[in-house]
Amino acid sequence: MDATSGKQLSSDNIESRLRVVGLRVTGPRIRVFNLLKQIGGHHSADDLSLRLNAGKDGMSRASVFNVLNDLSSAGLIMLSDAGPGRAFYEASDTWHHHFVCRNCHEIFDVPCAIGRKPCLEADLPGPGFAVDEAQVIFRGLCPACNPEIAPGVVVA
Ligand SMILES: [Zn+2]
Ligand SMILES: [Zn+2]
């Protein structure tokens with residue numbers, strides 16, 4: 001049996017991108033990246049883990065976490081931390097921020113005016129800090145949940 005004869009998803013792009021950032025091209029990395037690209041939007045590691053295990057060759061939750069970690073440190077996917085238990089990943093190499101609705105928990109992209117990290121100046125207590133990232137989570141009500149925009153809506 002030739003393991004390389006199996007038809008891969010079109011992965012030329014991701015393969016070269018993995019190499020550019022110095023990551024080895026592995027099946028799991030390609031699978032996770034392609035899944036995120038294909039489904040779009042923002043997903044938790046658990047959600048992605050479930051989807052990856054729905055198929056015939058499952059991946060352990062730990063390897064999904066490891067791959068997500070590798071891909072996000074390499075800047076191929078974006079990790080947003082929206083509070084306790086709400087870390088989500090997406091296939092995006094354009095730095096941006098997020099709006100999270102307090103009511104329906106929907107996540108909206110908020111473009112970054114500068115578009116690269118870190119986009120905010122921090123007033124840090126003294127020298128020696130090296131900031132490399134600043135990500136803003138805006139919170140509030142989305143148009144569908146905002147009673148001023150959508151009268152009659154019941155905010156939980
Ligand atoms: Zn909402
Ligand atoms: Zn986003």
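This is a short tour of one protein chain, stop by stop, for use with the structure open. The model is predicted.

**Stop 1: the whole chain**

Colour the chain by secondary structure. Four helices and five strands should appear. Follow them from the N terminus and the order reads α-α-α-α-β-β-β-β-β. The chain has 156 residues, and 17% of them count as buried. Now think about contacts between residues with a separation of 6 or more: 43% of these link residues 24 or more positions apart.

**Stop 2: helix 2 against helix 3**

Select residues 27-39 for helix 2 and 45-53 for helix 3. Two packed helices are described by the angle between their axes and the distance between the axes. Here the angle is about 110° and the axes lie 11 Å apart. That angle makes helix 2 roughly perpendicular to helix 3.

Show side chains at the contact. From helix 2, pick R31, V32 and L35. From helix 3, pick L48, R51 and L52. By type, this contact holds four nonpolar residues, no polar ones and two charged ones.

**Stop 3: the nonpolar core**

Next comes the largest nonpolar core, a set of 16 residues. Which of its members touch the most others? Select V32, F33, L71 and I77. Then look at where the core draws its residues. Helix 1 (12-20), helix 2, helix 3 and helix 4 (61-73) each give two or more. Helix 4 gives the most, with four residues. Keep V32 in mind from the previous stop: V32 is part of the contact between helix 2 and helix 3, and it is also one of the core residues with the most touching members.

**Stop 4: I77**

Centre the view on I77. Where does this residue sit? I77 is in the loop between helix 4 and strand 1. Is I77 buried or exposed? It counts as buried, because it has 21 C-beta neighbours inside 10 Å and the cut-off is 20 or more.

Now display what surrounds I77. Setting aside residues up to four places away in sequence, I77 touches F33, L36, L71, S72, Y89, E90, A91 and S92. Among them, F33 and L71 are also core residues that touch the most other members. Draw a C-alpha to C-alpha distance from I77 to S92. The value is 5.2 Å, although the two are 15 residues apart in sequence.

**Stop 5: the hairpin**

Move on to strand 1 (residues 78-81) and strand 2 (residues 87-90). They pair in the antiparallel sense over four bridges. Pick S80, then find its bridge partner F88 in strand 2. Five residues lie between the strands of this hairpin. Stop at G83 in the hairpin, where phi is positive, near 115°.

**Stop 6: the open sheet**

Finish with the remaining strands. Three of them form an open sheet in the order 4-3-5, with mixed pairing. Which strands are at the edges? Select strand 4 (107-111) and strand 5 (137-140), since each pairs on one side only. Direction ignored, neighbouring strands here are turned by 25° against each other on average.

Now select strand 3, residues 96-101. Strand 3 and strand 5 run parallel and are joined by four bridges. For a last pick, show F99 and look across to strand 5: F138 stands opposite.

Terms used: Residues numbered from 1 in each chain as written. Chains lettered and ligands numbered in written order. Predicted model: local features only at pLDDT ≥ 70, side-chain atom pairs only at ≥ 80, totals over all residues. Core = buried A, V, L, I, M, F, W, Y, C linked by C-beta atoms within 7 Å. Buried ≥ 20, exposed ≤ 12 C-beta atoms within 10 Å, placed from the backbone. Contact = placed C-beta atoms within 7 Å. Axes fitted to C-alpha atoms, helices over the stretch in contact; angles between N-to-C directions. Parallel < 35°, antiparallel > 145°, perpendicular 65-115°, else oblique. Nonpolar A, V, L, I, M, F, W, Y, C, P; charged D, E, K, R; others polar. Pairing = 2+ DSSP bridges.
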